[in-house]
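Me: I'd like to go through a ligand site with you and ask what lies behind each label. Could you take a look at this one with me?

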Amino acid sequence: MSAGQEKLKLGVLGSGSGSNMQAILDAIEDGTLDAEIVLVLSDNPDAYILERARKAGIAAEVIDCAGYATRFPEASQIAVGEKLRDAGVEIVCLAGFMRIVKAPLLEMFPGRLLNIHPSLLPAYPGLMAWKQAVDDGAEESGCTVHYVDAGMDTGPVILQARLPVLAGDTAETLHARIQAEEHRLYPAAIRVVAAGL
Ligand code: GRF
C-alpha cells in the first residue's frame with residue numbers, strides 16, 4: 001500500500017483469549033502487516049480478547065446472541081455485519097470465534113471472512129483439533145487459515161503451516177506448538193488476501 005492510502009481495516013471476532021488477535025496486532029506494530037484493527041467483537045462478555053483490544057485502544061463490543069448459548073441468531077449476525085460495515089471493515093478475521101457464521105453475515109463480506117483452525121484441514125475439523133490429532137496417532141499436524149463458507153471449517157485454504165507430532169506429545173504440548181505457528185500464519189494469510197483485493 002503506498003503512502004497516503006488508508007490502511008486496510010480489519011475486524012476480529014473471537015470468544016476466548018485472543019492470542020491470535022494479539023499476534024495480528026503485533027505484526028501491525030512491528031511493521032510486517034500494513035493494516036489496522038478497527039473493531040473487536042465477542043459473544044463472550046468475559047473473553048480476554050475484549051480486554052486485550054481495549055488495552056490497545058481498539059473498539060471492543062459484546063455481541064448480543066439473544067441468550068442462546070451456542071447459536072448465532074440471524075438478527076445477531078445482521079447486527080454484527082452492520083457494526084463491521086459501519087467501522088469500515090474490509091476483512092473480517094475469526095480468531096477463536098465459537099459460533100458458526102452463516103448467511104446473512106457471510107453474504108455481507110463475500111470472500112472477506114477468514115478463519116484460523118488448529119489442524120491441516122480438511123483433517124480434523126471441529127473442536128479440539130489438536131486433541132483429535134494426538135488421539136488419532138497422527139504423524140503430522142499444523143494450522144490452516146481459510147476463507148469461511150457455510151460449512152464447519154470447510155472453506156478454501158489460504159495458507160497452512162505443517163508441524164510434526166513428536167513422540168511424547170500430549171494434546172497440550174501439541175496445542176502450544178500449533179498456537180505458536182498460528183501467530184505467524186494469520187498475519188501472513190492476511191497479507192496474501194490483502195494483496196488480492
Ligand atoms: C486457536 O487455536 C484457533 O485455531 C482456534 O481457537 C483458538 C483461538 O485462540 N480456532 P486465541 O483466542 O486466538 O488465543
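Reply: Happy to. A polar contact here is a pair of N or O atoms within 3.5 Å. Keep in mind that this is a predicted model.

Me: What makes the pair between the ligand and the side chain of Asn20 a polar contact?

Reply: An oxygen atom of the ligand is 2.9 Å from an N or O atom in the Asn20 side chain. The cut-off is 3.5 Å, so this pair counts as a polar contact. Ile116 offers a backbone N or O atom, 3.1 Å from a nitrogen atom of the ligand, so that pair counts too. For Pro118, a polar backbone atom is 3.5 Å from a ligand oxygen. As for cover, the protein hides 85% of the 370 Å² of accessible area that the ligand has on its own.

Me: Which residues surround the ligand, and what puts them on that list?

Reply: The residues around the ligand are Gly16, Ser17, Gly18, Ser19, Asn20, Gly96, Ile116, His117, Pro118, His175, Gln179 and Glu182. Each is listed because one of its heavy atoms lies within 4 Å of the ligand. By class, this shell has 2 nonpolar, 9 polar and 1 charged residues. Glycine counts as polar, so Gly16, Gly18 and Gly96 fall in the polar class.

Me: How do you know that the ligand sits in the largest pocket?

Reply: The test is that more than half of its atoms lie within 2 Å of the pocket's grid points. The ligand is assigned to the largest pocket, so it passes that test. The elements giving two or more residues to the shell are α1 (19-29), β5 (113-117) and α6 (171-195). Of these, α6 gives the largest share, with 3 residues.

Me: What is the volume of that pocket, and what lines it?

Reply: The volume of the largest pocket is about 780 Å³. It is lined by 35 residues, and the closest to its centre are Gly96, Phe97, Met98, Asn115 and Ile116. Two or more lining residues come from each of α1, β5, α5 (129-135) and α6. The lining divides into 14 nonpolar, 17 polar and 4 charged residues.

Me: Why are some backbone angles worth pointing out?

Reply: Because most peptide bonds are trans, and most residues other than glycine have a negative phi. The bond from Ala103 to Pro104 is cis, with omega near 10 degrees, and Pro104 is in the loop between β4 (91-94) and α4 (105-108). Leu121 to Pro122 is also a cis peptide bond, with omega near 15 degrees. Pro122 belongs to the loop between β5 and α5. Tyr124 is found in the loop between β5 and α5, and it has a positive phi of about 50 degrees although it is not a glycine.

How values were computed
Residues numbered from 1 in each chain as written. Predicted model: local features only at pLDDT ≥ 70, side-chain atom pairs only at ≥ 80, totals over all residues. Heavy atoms only, no water. Polar contact = N/O pair within 3.5 Å; in protein donor to acceptor, adjacent residues only side chain to side chain. Areas by Shrake-Rupley, 256 points an atom, 1.4 Å probe, with all protein chains shown as cover. 1 Å grid on protein atoms, 1.4 Å probe; cavity = no way out; pocket = protein on both sides within 12 Å on 5 of 7 lines; lining within 4 Å. Helix = DSSP H or I, 4+ residues; strand = E, 2+ residues; numbered from the N terminus. Points joined across faces, edges and corners; volume = space filled by probe spheres on them.
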